[in-house]
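Trainee: I would like a close look at one part of this protein. Please take a strand and its partners, and then show me how the rest of the chain compares.

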Amino acid sequence: MIEQAIFTSARTEHGDGYQLAACSEGISDADARQLALWGPSHDALLDASPLGRSVNYFVLPSGARCISRTINAGTEYSNRGGSRIYTHFLVMPDEVFGRYGNNPFSIVRAAMAGGALDVPEELPRKLAPLRLPGGAAVFDRPLVERLVGGWGADRFAGILATAIIAPSLGWSACNETEQTVAGVLACLPPACRKEISLTTGLRHSPRRPFRWMAFHYEDGERRRLQRKSEIEFIDLTSHDPFEPARIDGGWAGFVAACLREGDYERLSHGLQDTPAELSLDDLNALGDELLRHARQIPSSKGGSNGSANGSQWRTAPPQRSTSCEASASSRRYHAATSKSEGPAARLKPLAPNAAARLEALDQAVYDAFAGDDDALKRLGALWSSVAVELGIDRQEQLHEQYLRYVLRLWDATRSGSTADPRRAVAALEVIGIITAEQSIAPGPSTGP
C-alpha cells in the first residue's frame, strides 16, 4: 500500500495557511512532521506559471521513500495574490519503490495516469492508501535516446559524471530540466538511485536539503550558494563539452562508450545486473570493471571507436538491428521531436481537470512510437479515460490533434522515400488505438 498526504494552503480545523492538510492513517507522527517540514509554501516553485511543477524525492525518518509532485493549483483561499502551491506526497516501502526501478519519475507517471494526483475540488479530511498496478522498466531507453540525440553522448555522460561525484548539484532551470534529471537518473543503477534526493523545480531552502536541485542559473542566490557551499552547478542551457577527463573511465565512461556506439542493450543490461547493495561510492570502480570487460570482447564491427581515453571500445555480437538506415532514422526522429510540443498544451484549456492525463497521454504516444511496448498498454487505458473526460462534443478535436501528432512523429523518421519500418508498425499500432472508437463517450440520440 502507498500512503498519501497533501500539503497546501488551506483553512482547516488545525489552523489557516500552509499545512499538512490531509494524511492517510498509515503515516507515522515522525514522518508526518518531516513531511510538514519539507512541504513547500508560497512562491516555492521556480516556474510561477500555471504549468509550473516539480517532481521531488527524499527519504523519511522511518526509511520509507517519499515521492511528491508540486504544482500551482489556482489561487490561495486568502486572496493574497499568487498561486496556491499544492504538493501531493506518496509514501511507500522499498518493495514498491523497487517495482518501479527505484525511479520517482516512473512513480509519478503511473500515479498521474491513474488520476491519483488529480487536485480535488474540496480537500478531503482523510486520505485512504492507494495501490499502483504493475511496475516500470529499470531503464527508460526512449527518454535517454531522445536526450542523447539533443545533447550528444559525451555532453550527456559529462553531466552524469558530475552528478555522481558532486555532494550537492544545482541544475539550471529550463524547459528540459525535468527530462534531463530523469534521464540522468535513468542511467544510474537502481540501488544508487535511492541515495539521490532530488527536486526538479523547487526553490532552494535549508529545510529541504536535496542532493540534486534546480536554480535560475543567473540569480543571486545561486552565486551566493556557490561561494559558501559545496554545491556544483551545471548550466543546462549550455552545450559546451565537458573535459574528456570526466568521462575517460568510471561509470560515466562506461555509459559514454555505450551511448557513442548506440549500444543501449549493453547499457540496459549493465544497469539491471548491478548488485542490489551497490552504493554511489563504489559505482566508478564498477564502471572501470565493465569497461575492461567490454574491451576484451571481440568486436563484430571492427575498427576503433575513439573512446575518451584512446582505448578501443568493443561491442558484443549485436542482438539487434545495427543498420545505418535505422540509426539515421533514430537520429532524425529524436532531433525533430526533442522539442516537439504534444497536443496536451492545446487541449488543456478544454478540460483543465484532465491536464495530468493529457500530459501522460502525450508521453505514452511518444514512447509507444519510439518502440516501448508497455507504453502501448498505457495508451489504450489513457485514451479511453481522456476521451470520456472531454465529452463527445470535443472528441473530434481530440482525434484530430493526436492523429496530427502521430503523423508529425512519423514524418520525423522519413528521408525521401525511406523510413524505418519499425516506426511504421508503431505508427499503425498507435493510430489503431486512437481510431478504434470514433466516439467512446455516448451522446444523446439526435435522430433515427
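Mentor: What follows starts with one strand and then visits other parts of the chain. Keep in mind that this is a predicted model.

Start with strand β3, residues 53–59. Is it enclosed or open? Five of its seven residues are buried, so β3 is largely enclosed by the rest of the structure.

Next, look at its partners. Strand β4 covers residues 65–75, and it pairs with β3 in the antiparallel sense. Seven bridges join β3 and β4. Find arginine 53: it stands opposite isoleucine 71 in β4. Now follow the chain from β3 into β4. The two strands form a hairpin, with five residues between them. Glycine 63 sits in that turn and has a positive phi of about 95°.

β3 also pairs with strand β7, residues 198–199. This pairing is antiparallel too, over two bridges. Tyrosine 57 has leucine 198 in β7 as its bridge partner. One general point helps when you view any strand. In a regular strand, side chains alternate between the two faces of the sheet.

Now step back along the chain to the loop between α1 (29–38) and β3. Aspartate 43 lies in this loop. Its phi is near 65°, a positive value in a residue other than glycine. With a relative accessible area of 45%, aspartate 43 is partly exposed.

Set asparagine 102 beside it. Asparagine 102 is in the loop between α2 (94–99) and α3 (104–113). Here too phi is positive in a residue other than glycine, near 55°. Asparagine 102 is buried, though, at a relative accessible area of 8%. The cut-off for buried is under 20%.

Turn to the helices. Helix α4 spans residues 141–151 and helix α5 spans residues 153–165. They pack at an angle of about 110°, with axes 7 Å apart. α4 and α5 are therefore roughly perpendicular to each other. Which residues meet? Val144, Leu147, Val148 and Trp151 in α4 meet Ala153, Arg155, Phe156 and Ile159 in α5. By class, this contact has seven nonpolar residues, no polar ones and one charged.

A second helix pair is α9 (residues 250–261) with α11 (residues 283–295). Their axes come within 6 Å and cross at roughly 40°. That makes α9 oblique to α11. On the α9 side, the contact residues include Trp251, Phe254 and Ala257. On the α11 side, they include Leu283, Leu286 and Leu290. The contact of α9 with α11 has eight nonpolar, four polar and one charged residues.

One more residue deserves a look. Aspartate 362 lies in helix α14, residues 355–369. At 10% relative accessibility, it counts as buried. What does aspartate 362 touch, leaving out residues up to four places away in sequence? It touches Gly342, Pro343, Ala344, Tyr402 and Tyr405. Leucine 379 is 17 residues from aspartate 362 along the chain, and their C-alpha atoms are separated by 9.1 Å.

Finally, take in the whole chain. It has 17 helices and nine strands. Of its 448 residues, 51% count as buried. The accessible surface comes to about 20,200 Å², and 50% of that belongs to carbon and sulfur atoms. Among contacts with a separation of 6 or more, 70% join residues 24 or more positions apart.

Methods. Residues numbered from 1 in each chain as written. Predicted model: local features only at pLDDT ≥ 70, side-chain atom pairs only at ≥ 80, totals over all residues. Heavy atoms only, no water. Axes fitted to C-alpha atoms, helices over the stretch in contact; angles between N-to-C directions. Helix = DSSP H or I, 4+ residues; strand = E, 2+ residues; numbered from the N terminus. Parallel < 35°, antiparallel > 145°, perpendicular 65-115°, else oblique. Contact = heavy atoms within 4.5 Å. Nonpolar A, V, L, I, M, F, W, Y, C, P; charged D, E, K, R; others polar. Buried < 20%, exposed > 50% of the residue type's maximum accessible area, 1.4 Å probe, protein only. Areas by Shrake-Rupley, 256 points an atom, 1.4 Å probe, with all protein chains shown as cover. Pairing = 2+ DSSP bridges.
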